[in-house]
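Okay, thanks everyone, I'll keep this short. Have a look at the model on the screen, and then I'll walk you through how the helices pack and what sits around the ligand.

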Amino acid sequence: MTSVLQAQALGKKYGRRWALRECTIDMPAGHVVGLVGPNGAGKSTLLKLAGGQLEPTAGGITVLGGRPGSTPAQLAKVGFVAQDTPVYAGLTVAEHLRLGERLNPRWDEGMARERIARLGLDPAHRAGKLSGGQRAQLALTLCLAKRPDLLILDEPAAALDPLARHEFLQHLMEAAAEHKLSVVLSSHLVSDLERVCDYLIVLVDSRVQIAGKTDHLLATHHRVTGPRRDPDRLPAGGHVVSARHTDGQSTYVVRTGAPIHDPAWTVSRLSLEDLVLAYMDKRDAERRRVALEVRG
Ligand SMILES: Nc1ncnc2c1ncn2[C@@H]1O[C@H](COP(=O)(O)OP(=O)(O)OP(=O)(O)O)[C@@H](O)[C@H]1O
């Protein structure tokens with residue numbers, strides 16, 4: 001597997017507080033990777049470290065085989081659209097393209113112009129007067145025209161209305177397929193991730209809870225429901241991801257490669273949202289961590 005991003009025990013401190021700690025990750029190339037996790041999990045910090053906007057306090061990170069932001073060549077290989085899709089309010093759309101051309105050695109002027117025309121943006125329009133959706137599209141265009149190998153998007157569509165979000169993600173998918181881009185995209189909107197991502201990483205308290213191809217993850221996770229029972233009564237070979245109990249019923253999310261055939265339990269498939277929620281719960285995350293430490 002070729003990696004686009006590898007982090008080893010990566011940590012970042014703001015003052016005396018860790019924003020990201022002991023984060024180990026390996027993102028494969030050629031995927032649209034969805035990064036999801038609770039507020040404050042460290043997603044933006046990780047993406048900024050990957051974009052070279054922050055320096056690690058501990059551990060190491062490699063992006064496309066190099067240190068993020070270390071050389072002009074390294075910077076040219078990575079496109080970054082930050083959470084607030086920043087553009088220069090006083091510059092026109094055309095001036096943004098000229099700036100992009102001046103700053104980026106691999107700039108694709110034809111593609112930038114074609115995208116701006118397709119989006120119906122007036123080149124003479126000042127960026128400060130664009131709508132949130134148009135600004136996000138302009139920021140995406142500037143990043144795509146850099147012709148990066150890796151595109152990093154930190155909640156780029158969060159502020160957009162459903163239609164603008166749909167169009168933004170559609171453009172993103174087309175561009176990723178057309179230019180064989182690797183993409184990492186953080187979002188709280190699991191429906192968006194479901195639409196565009198073929199690889200998922202769930203980050204909780206800066207630890208990777210699960211990472212893998214979405215179709216494989218969905219095929220190997222099941223909801224198992226039955227009368228209230230302890231997990232040791234579950235079919236053998238499964239790994240309990242989450243457990244919920246009411247007075248009379250137990251519901252487990254179980255990871256297993258083998259089909260579950262046990263008449264004592266009702267087995268159903270999970271949606272991507274169910275899967276993400278099962279891994280996002282901090283109580284379960286702590287229990288899984290302890291279980292792994294005991295086993296290891
Ligand atoms: N500039 C900063 N100064 C101090 N602390 C910060 C700064 N940026 C982030 N943090 C802290 O670091 C931790 C991780 O923040 P980060 O923004 O990376 O999380 P996140 O997973 O992206 O969250 P969200 O989903 O809310 O955007 C949080 O506790 C946050 O308060």
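So, helix 5 and helix 6, the latter being residues 162-178: in this predicted model their axes come within 10 Å and cross at roughly 10°. That makes the two helices roughly parallel. Who touches whom here? From helix 5 we've got Gly133, Ala136, Gln137, Leu140 and Leu144, and they meet Ala164, Phe168, His171, Leu172 and Ala175 of helix 6. Sorted by class, that contact has 7 nonpolar residues, 3 polar ones and no charged ones.

Stay with helix 5, and look at what helix 4 is doing against it. Helix 4 covers residues 109-119, and its axis comes within 9 Å of the helix 5 axis, with a crossing of roughly 160°. With that angle, helix 4 ends up roughly antiparallel to helix 5. The crossing is right-handed. On the helix 4 side the residues are Met111, Ala112, Arg115, Ile116 and Leu119, and they meet Gln137, Thr141, Leu144 and Ala145 on helix 5. The count by class for this one is 6 nonpolar, 2 polar and 1 charged.

And then there's helix 3, residues 93-103. How do helix 3 and helix 5 cross? Their axes come within 10 Å at an angle of roughly 25°, helix 5 being residues 132-145. Anything under 35 degrees counts as roughly parallel, so helix 3 and helix 5 are roughly parallel to each other. Helix 3 passes helix 5 in a right-handed crossing. Three residues of helix 3, Val93, His96 and Gly100, meet Leu138, Leu142 and Ala145 of helix 5. Here the classes come out as 4 nonpolar, 2 polar and no charged residues.

Right, over to the ligand. Which residues surround it? Going along the chain, that's Tyr14, Ala19, Gly37, Asn39, Gly40, Ala41, Gly42, Lys43, Ser44 and Thr45. The largest share of that shell, 3 residues, is from helix 1, which runs over residues 43-51. As for chemistry, the shell divides into 6 polar, 3 nonpolar and 1 charged.

Last bit, the annotation. UniProt, in an unreviewed entry, lists residues 5-230 as "domain: ABC transporter". Over that stretch the chain is 36% helix and 30% strand, and the C-alpha atoms at the two ends are 39 Å apart.

So if you take one thing back to your desk, take the picture around helix 5: roughly parallel to helix 3, roughly antiparallel to helix 4 and roughly parallel to helix 6. Okay, that's me done, happy to go back to the screen.

Definitions and conventions:
Residues are numbered from 1 along each chain as its sequence is written. This is a predicted model: local features need pLDDT of at least 70, side-chain atom pairs count only at pLDDT 80 or more; totals for chains, interfaces and linings use all residues. Axes are lines fitted to C-alpha atoms, for helices over the stretch in contact, and angles run from 0 to 180 degrees between N-to-C directions. Helices (H or I, at least four residues) and strands (E, at least two) are DSSP runs, numbered from the N terminus. Angles under 35 degrees count as roughly parallel, over 145 as roughly antiparallel, 65 to 115 as roughly perpendicular and the rest as oblique. A crossing is left-handed if the near helix is turned anticlockwise from the far one by less than a right angle, and right-handed if clockwise. Two residues are in contact if their C-beta atoms, placed from the backbone, lie within 7 Å. Ala, Val, Leu, Ile, Met, Phe, Trp, Tyr, Cys and Pro count as nonpolar, Asp, Glu, Lys and Arg as charged, and the others, Gly among them, as polar. UniProt positions are given in the numbering used here, feature names are shortened, and annotations may be inferred rather than shown by experiment. A residue is near a molecule or strand if its C-beta atom, placed from the backbone, lies within 6 Å of it.
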